[in-house]
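Q: I would like a close look at a single helix of this model, with its geometry, its surroundings and its contacts taken together. Please keep the reasoning explicit where a cut-off decides the wording.

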Amino acid sequence: MTADLEEKTNRYGALLAEALEAASVAPPAGTPMERAAEECYEMASSYLEDGRHFREEGDLVNALASFSYGHAWLDAGARVGLFDVPTDGHLFTV
């Protein structure tokens, strides 16, 4: 079971890192929606860093949770139009 958790944690961490690279802020500069997009992006990025920290400490459960939460911030933002994201592939559910 530990091997499965480790594989899944590593896969989700890589997925979040790739999704962060693929997402870009969609709303026009200077608008409240741009600020909302930046905040969502920051949350996702922070969860990536948290997950990496937990993984380094050997806490795979919290690492996986952090990676999952981070991706949820991006996915939700993409769904409501805060991010331009690829619509094909495996990164987003849009």
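A: What follows is a reading of helix α3 and of the parts of the chain around it.

The coordinates come from a predicted model, and all values below are computed from it. Helix α3 comprises residues 60–79, and at 1.5 Å a residue its 20 residues should span 28 Å, which agrees with the 28 Å that separates its end C-alpha atoms.

The buried residues of α3 are Leu60, Ala63, Leu64, Ser66, Phe67, Gly70, His71, Leu74, Asp75, Gly77 and Ala78. Around the helix axis they cover an arc of only 165 degrees, which puts them on the same side of α3. On the other side of this helix, Val61, Tyr69 and Arg79 are exposed. As for what covers the buried residues, the list includes α1 (2–22), α2 and β2 (83–84).

The contact with α2 can be followed at the level of single residues. Ser66, which has its place in helix α3, counts as buried because its relative accessibility is 5%, where the limit for buried is under 20%. Leaving aside residues up to four places away in sequence, Ser66 touches Tyr47, Asp50, Gly51 and Phe54.

Tyr47 also takes part in one of the two aromatic pairs that the structure holds. Its partner is Tyr69, and the pair is tilted, with 5.7 Å from centre to centre and 45 degrees between the planes. Since Tyr47 lies in helix α2 (residues 32–56) and Tyr69 in helix α3, the pair ties together parts that are 22 residues apart in sequence. Tyr47 has a relative accessible area of 23% and is therefore partly exposed, whereas Tyr69 is exposed.

Beyond the end of the helix, Gly81 sits just after α3 and takes a positive phi of about 90 degrees. Further along, Val85 is found in the segment after β2, and its relative accessibility of 17% means that Val85 counts as buried. Among the residues that Val85 touches is Ala78, one of the buried residues of α3; the others are Ala22, Ala23, Phe92 and Val94, again without counting residues up to four places away in sequence. Val85 and Pro32, by contrast, are 20 Å apart in space, C-alpha to C-alpha, and 53 residues apart in sequence.

To place the helix in a wider frame, an unreviewed UniProt entry carries the annotation "domain: DUF357" for residues 11–83. Over residues 11–83 the chain is 78% helix and 4% strand, with the end C-alpha atoms 22 Å apart.

Note on methods. Residues are numbered from 1 along each chain as its sequence is written. This is a predicted model: local features need pLDDT of at least 70, side-chain atom pairs count only at pLDDT 80 or more; totals for chains, interfaces and linings use all residues. Side-chain values use heavy atoms; hydrogens and water are left out. Rings of Phe, Tyr and Trp (its six-membered ring) pair if their centres lie within 6.5 Å; planes under 30 degrees apart count as stacked, over 60 as edge-to-face and the rest as tilted. Helices (H or I, at least four residues) and strands (E, at least two) are DSSP runs, numbered from the N terminus. Buried means under 20% relative accessible area, exposed over 50%, partly exposed in between (1.4 Å probe, protein chains only). The expected span of a helix is 1.5 Å times one less than its number of residues. The arc is that of the directions from the helix axis to the C-beta atoms. Contact means heavy atoms within 4.5 Å. UniProt positions are given in the numbering used here, feature names are shortened, and annotations may be inferred rather than shown by experiment.
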